[in-house]
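Open the structure in your viewer and keep the selection tool at hand. The stops below say what to select next and what is there.

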Amino acid sequence: MRLKSRACGFVIGATVLALAGTAVPAAADLPGETFPGGGQKGDDVYAQVEVITFDTSKNGSGPSAGAVSAPVDWSPPPCWYAPKWSPSELRDYYQRNYEAIVHDPGMPPDARNQWNEERHNYIDGDYEDFNEEKKDEGMWWGAVYNPNASIDDQLKCDRVPFWADNGETPDVENIITPEILAGLAYEQIKVPGTEVTLAPGGKSKVNLPTWAWLDGGEFKPVAVTASLAVGGLDMSATTTATPKSLRIEPGTKDARLHPASGECTINDDGSIGEPYAKGKADQEPPCGVTYLRSSGDGSYAMEATVTWEISWTGTGVAAPQALPDGTFGNEQAVEVEEIQSINR
């Protein structure tokens, strides 16, 4: 099997024509649905065949649920190669783009010639009539692009379509794997909101601890499964997020955290912190904050952020594999007032 790269800048599916700086309009007619929606970034239009499905039945839900933030040094896969076309679908795709290119007066001659040469490679070059005689034996593979990635990162998958027999996994960099599916499932994870319960209720008091906690019943693991079953392949990966800890940012320097690190660990029952009980007003909570100054006529923006431990299992991988922790949180307005005396 001979694989080529698109030296002139054509990228099947992303419809980026780097040499001409133009988008190929016919690529919007690619067969199948887009992943996960296609769209437009600036002047670049992209569309991709959807070959991956997501099971989000165990995902977080509700109006306060949201996507976790991954570390800045990690991101989901920007592109990958997967089965995309039958011989007739690839033939139709090239024909549509050929018609668009030859009738575009702004298309540079070199770009037009390169595209035509590539098209003929599938007609009477390395292949014959797009491998129509082998239509029941395999599929054409091509790049699929994550629309949330930058164009530069998408261009890491720049090979022209290549053939693989059913059940064969080509030895090509960025080929679809369960690990790539796990990274894509990570991107779909949603976790519950992080509005913590604060007590004593009402306004917090200067120099008295404010207890903070999260109910274990609300903070359970969530999971998304990404699957691919096409071209003789059948693989999946399940990415699971488990609550790990809660970090409190009081919203002012005039405060003391409990514990001092501000990182409240999760309890055995899945809860975080400890509910306040009458008589504990002057005790140090396992999770909370003591404000040292009144918020005056306003309030402090206390931020509560939960860290989620994320891992995956999948086809051929039974033991959980670590992915970077994710975080999700929000701000809560906390009013703090001075008191002269306390009756207990």
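A residue is called buried when its relative accessible area is under 20%, exposed when the value is over 50%, and partly exposed in between. The model on the screen is predicted.

**Stop 1: a buried strand**

Select residues 79–85, which make up strand β8. How many residues of strand β8 are buried? The count is 7 of the 7, so the strand is largely enclosed by the rest of the structure.

Now add residues 138–145, strand β9. β8 and β9 run antiparallel and are joined by 6 bridges. To see one pairing, pick Trp-85 and look across to Trp-140, its bridge partner in β9.

**Stop 2: the loop before β9**

Select the loop between α2 (109–124) and β9, where Asp-129 is placed. Phe-130 is found in the loop between α2 and β9 as well. Asp-129 has a phi near 50 degrees, a positive value in a residue other than glycine. Phe-130 is not a glycine either, and its phi is positive at about 60 degrees.

Is Phe-130 buried or exposed? Phe-130 counts as buried because its relative accessibility is 3%. Asp-129, with a relative accessible area of 34%, is partly exposed.

**Stop 3: salt bridges**

Show the side chains of Glu-132 and Lys-135, which meet in a salt bridge with an N to O distance of 3.8 Å. Glu-132 is partly exposed at 23% relative accessible area, and Lys-135 is partly exposed at 47% relative accessibility.

Next select Lys-203 and Glu-335, a salt bridge whose closest N and O atoms are 3.8 Å apart. Lys-203 is in the loop between β12 and β13, while Glu-335 is in the loop between β22 and β23 (336–337), so the pair ties together parts that are 132 residues apart in sequence. Lys-203 counts as partly exposed at 40% relative accessibility, and Glu-335 counts as partly exposed at 41%.

Then select Arg-293 and Asp-254, which form a salt bridge with their closest N and O atoms 3.0 Å apart. Why does this pair tie together parts that are 39 residues apart in sequence? Arg-293 lies in the loop between β20 (288–291) and β21, and Asp-254 lies in the loop between β16 and β17. Asp-254 is partly exposed, with 29% relative accessible area.

To finish this stop, select Arg-91, Asp-129, Glu-132 and Lys-135 together; salt bridges that share partners join them into one network. The count of salt bridges in the model comes to 12.

**Stop 4: strands β16, β21 and β22**

Select strand β16, residues 233–249, together with strand β21, residues 300–314. The two strands run antiparallel, with 12 bridges between them. Arg-247 stands opposite Thr-305 in β21.

At residue 249 of β16 is Glu-249, which counts as partly exposed at 36% relative accessibility. Draw a distance from the C-alpha of Glu-249 to that of Val-289: these residues are 40 apart in sequence and 8.8 Å apart in space.

Add strand β22, residues 317–334. β21 and β22 run antiparallel and are joined by 13 bridges. Ala-301 stands opposite Ala-333 in β22. The two strands form a hairpin with 2 residues between them. In the turn, select Gly-316, which has a positive phi of about 75 degrees.

**Stop 5: two cis peptide bonds**

Zoom in on Ala-199 and Pro-200, which are joined by a cis peptide bond with omega about 0 degrees. Pro-200 is in the loop between β12 (197–199) and β13 (204–205). Then go to the peptide bond from His-258 to Pro-259, which is cis with omega near -5 degrees. Pro-259 lies in the loop between β17 (255–258) and β18.

**Stop 6: the surface**

Turn on the surface and select Asp-215, Glu-218, Asp-268 and Asp-269, which gather in a patch of negative charge. Asp-269 lies in the loop between β18 (263–265) and β19 (272–273). Asp-269 counts as exposed because its relative accessibility is 57%.

Last, select Thr-56 in the loop between β6 (53–55) and β7 (66–67). Thr-56 is partly exposed, with a relative accessible area of 42%. How many residues apart in sequence are Thr-56 and Ile-189? They are 133 residues apart in sequence, and their C-alpha atoms are 8.1 Å apart in space.

Note on methods:
Residues are numbered from 1 along each chain as its sequence is written. This is a predicted model: local features need pLDDT of at least 70, side-chain atom pairs count only at pLDDT 80 or more; totals for chains, interfaces and linings use all residues. Side-chain values use heavy atoms; hydrogens and water are left out. Patches are made of residues with over 30% relative accessible area and no salt bridge: like charges are joined within 9 Å, nonpolar side chains (Val, Leu, Ile, Met, Phe, Trp, Tyr) within 5 Å. Accessible areas come from the Shrake-Rupley method with a 1.4 Å probe; for residues, only the protein chains shown count as cover. A salt bridge is a side-chain nitrogen of Lys or Arg within 4 Å of a carboxyl oxygen of Asp or Glu. Lys and Arg count as positive and Asp and Glu as negative; His and the chain ends are not counted. The place of a charge is taken as NZ of Lys, CZ of Arg, CG of Asp or CD of Glu. Helices (H or I, at least four residues) and strands (E, at least two) are DSSP runs, numbered from the N terminus. Buried means under 20% relative accessible area, exposed over 50%, partly exposed in between (1.4 Å probe, protein chains only). Two strands pair if DSSP finds at least two bridges between them.
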